[in-house]
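Biologist: Please take me through the labels attached to this model, and tell me what stands behind each one. I will keep asking why.

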Amino acid sequence: MKRFIQLRKFISLCMAVAVLVLAAGEEVYATSLPYDTYNYDYREYIHYTPAAYVPASEIGGEDFTYNGEPVGRFVSPQDLCKADDGEIYVADTGNNRIVVLNNSMSEVVNIITTFDNNGSEDSFNQPYGVCVSENGQIYVADSQNHRVVVLEKDGTLVKIVANPQSESLDDNYVFTPLKVTVDYADRIYVIALNMFEGIMVFETDGSFSSFFGTIKVEISLWDKFWKRIATKEERTQQQLYIPTEFTGIDIDPDGFVYASNIDATGVQGVRRLNPRGEDVIKKGENKNVGGDLQIDGTTDYAGPSQFTDVVYRSDGIYSCLDRKRGRIFTYDHEGNLLYIFGGLGTQMGTFQLPVAVEDIGGRIVVLDATKAKIISFEVTEYGRLINEAVALRFDGDEAEAVALWQRVLELDENNELANTGIGKAYLTAGDYVQAMKYLKLGMNRDYYSIAYRRYRNAFLTQNASYFLTGILILIVVVTVAKKVMRKKKGGGLNE
């Protein structure tokens with residue numbers, strides 16, 4: 001009996017230690033961050049991960065001076081953009097100005113409030129969007145002046161894009177640009193208020209040419225039937241079946257346009273549009289590039305994510321900003337969700353109304369309109385390993401990425417993408433047994449099927465001679481057996 005009591009005490013102690021270890025593990029994941037860091041597995045269950053990015057700094061206009069004078073607090077800033085020379089442009093919307101920071105965001109190098117317009121002083125009225133072209137020209141979505149203003153870096157006016165003319169536009173249409181970007185040919189892409197036909201495209205001379213990337217809305221058979229039988233009053237109360245507006249835009253070096261949009265289904269909050277305006281984005285294993293997969297609940301933040309901006313980073317990696325829960329979702333070129341971080345709140349590293357996201361020197365930078373601050377996040381070892389492994393895989397160097405994926409698994413043993421990455425490397429190397437092992441752990445059915453099919457074909461090829469020999473022996477045995485049976489039957493009749 002005494003030994004039994006001691007055994008129970010020992011088991012209780014082991015259980016307590018296990019609980020402490022698990023708690024410590026959760027603490028390692030949390031690392032005192034003001035938000036959860038997690039991902040989704042193949043079954044769309046949440047699993048918590050180490051942090052890919054952690055808060056580094058928060059800065060606002062009140063932290064700077066320019067020409068010896070205080071810059072002053074930003075007022076409802078709505079956009080920021082990194083130029084090729086590293087400088088950062090902020091659309092300080094409420095102050096009707098563009099504030100330019102140096103590449104380390106430690107100094108204000110310029111403030112644009114006015115410019116010369118054919119001999120008259122002109123100014124902005126709620127500039128919502130800003131971008132800088134490859135040749136260094138500044139494009140400003142001057143919203144309440146209903147135009148896009150194009151300036152040289154020194155503030156000299158280049159042109160004004162306003163009052164677009166087209167048979168496809170209503171006679172009373174009011175052009176109110178919100179976001180703007182430019183491709184390598186200086187074609188201008190504009191997201192405009194209440195423009196549901198798609199992104200507006202302007203040629204280099206400022207003339208409107210076409211709509212780009214219109215989101216088609218599919219109506220169910222039931223909705224079509226109900227619309228036919230409903231009364232006029234009932235039809236007016238029904239939801240309007242109009243395309244969704246885009247919310248953010250960016251262009252990669254190959255000329256593909258990444259555009260975020262609000263998706264009521266939570267399946268696709270971002271698109272990758274080719275030069276013809278066709279969506280060619282890949283959606284990964286979960287067939288979803290819409291943010292959070294678990295969207296049910298009774299909280300104020302229930303429902304699908306709402307992407308308000310997107311930034312193309314490099315090597316097929318892009319990040320989307322969710323204004324609903326204040327999170328940043330990062331995907332690779334295959335649509336696999338790499339990591340999630342961020343949240344709403346008042347602590348450093350959380351958001352109140354995030355409106356724009358950028359990649360500045362490897363840091364993820366978010367502009368918060370309500371906080372009126374630029375919030376920077378720096379990469380951790382976990383995030384760096386994933387970024388580098390994905391970059392190698394994007395370049396076709398699957399084998400080189402194996403060591404990085406193995407290190408990722410040391411930090412996060414449940415990382416399905418790491419297992420898939422290793423499995424693909426073994427598949428490329430022709431080691432189909434190991435490939436199947438890791439692809440199964442990565443829950444990647446498509447590549448597992450490929451590995452199994454190649455393993456089966458290789459097995460059959462390697463053992464073809466044995467199979468043929470066996471078949472030949474079996475044929476001989478069957479033939480001999482038949483002859484013996486015939487002789488026995490013949491002998492029995494003679495008797």
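Biologist: Why is Asn163 called exposed?

Modeller: Residues count as exposed when their relative accessible area is over 50%, as buried when it is under 20%, and as partly exposed in between, with a 1.4 Å probe and protein chains only. Asn163 has a relative accessible area of 54%, so the label is exposed. This is a predicted model, in which local features need pLDDT of at least 70 and side-chain atom pairs count only at pLDDT 80 or more, while totals for chains, interfaces and linings use all residues. Numbering starts from 1 along each chain as its sequence is written, and side-chain values rest on heavy atoms, with hydrogens and water left out.

Biologist: Where does Asn163 lie, and what is the sign of its phi?

Modeller: Asn163 is in the loop between β15 (157-162) and β16 (177-182). Its phi is positive, about 50 degrees, although Asn163 is not a glycine. Most residues other than glycine have a negative phi. Lys287 also has a positive phi, near 55 degrees, and is not a glycine either. The place of Lys287 is the loop between β22 and β23 (307-314). With a relative accessible area of 56%, Lys287 is therefore exposed.

Biologist: How do you know what to call a strand or a helix?

Modeller: Both are DSSP runs, numbered from the N terminus: helices are H or I with at least four residues, strands E with at least two.

Biologist: What makes β20 and β21 a pair?

Modeller: Pairing requires at least two bridges found by DSSP between two strands. β20 and β21 (residues 257-261) are joined by 5 bridges and run antiparallel, so they are a pair. Phe246 has Asn261 of β21 as its bridge partner, and Gly248 stands opposite Ser260. Their hairpin has 5 residues between the strands, and Gly255 takes a positive phi near 90 degrees there.

Biologist: Why are β20 and β22 at the edges of their sheet?

Modeller: The open sheet has 3 strands in the order β20-β21-β22, paired antiparallel. β20 (246-251) and β22 (270-273) each have a single partner strand, so one side of each lacks a neighbour in the sheet. Even so, β20 is mostly covered, with 6 of its 6 residues buried.

Biologist: What makes a group of residues a nonpolar core?

Modeller: The members must be buried Ala, Val, Leu, Ile, Met, Phe, Trp, Tyr or Cys residues, joined through side-chain atoms within 4.5 Å. The largest such core here has 35 residues, and Phe341, Phe377, Ile386 and Trp405 have the most contacts inside it. Elements that give it two or more residues include β3 (53-59), β29 (373-379) and α5 (398-411). The largest share, 6 residues, comes from α5.

Biologist: Is Glu410, also in α5, buried or exposed?

Modeller: Its relative accessible area is 59%, so Glu410 is exposed. Glu410 and Tyr382 are 28 residues apart in sequence, with C-alpha atoms 9.8 Å apart in space.

Biologist: Why is Phe459 called partly exposed?

Modeller: Phe459 has 39% relative accessibility, which means it falls between the two cut-offs. Phe459 is in helix α8.
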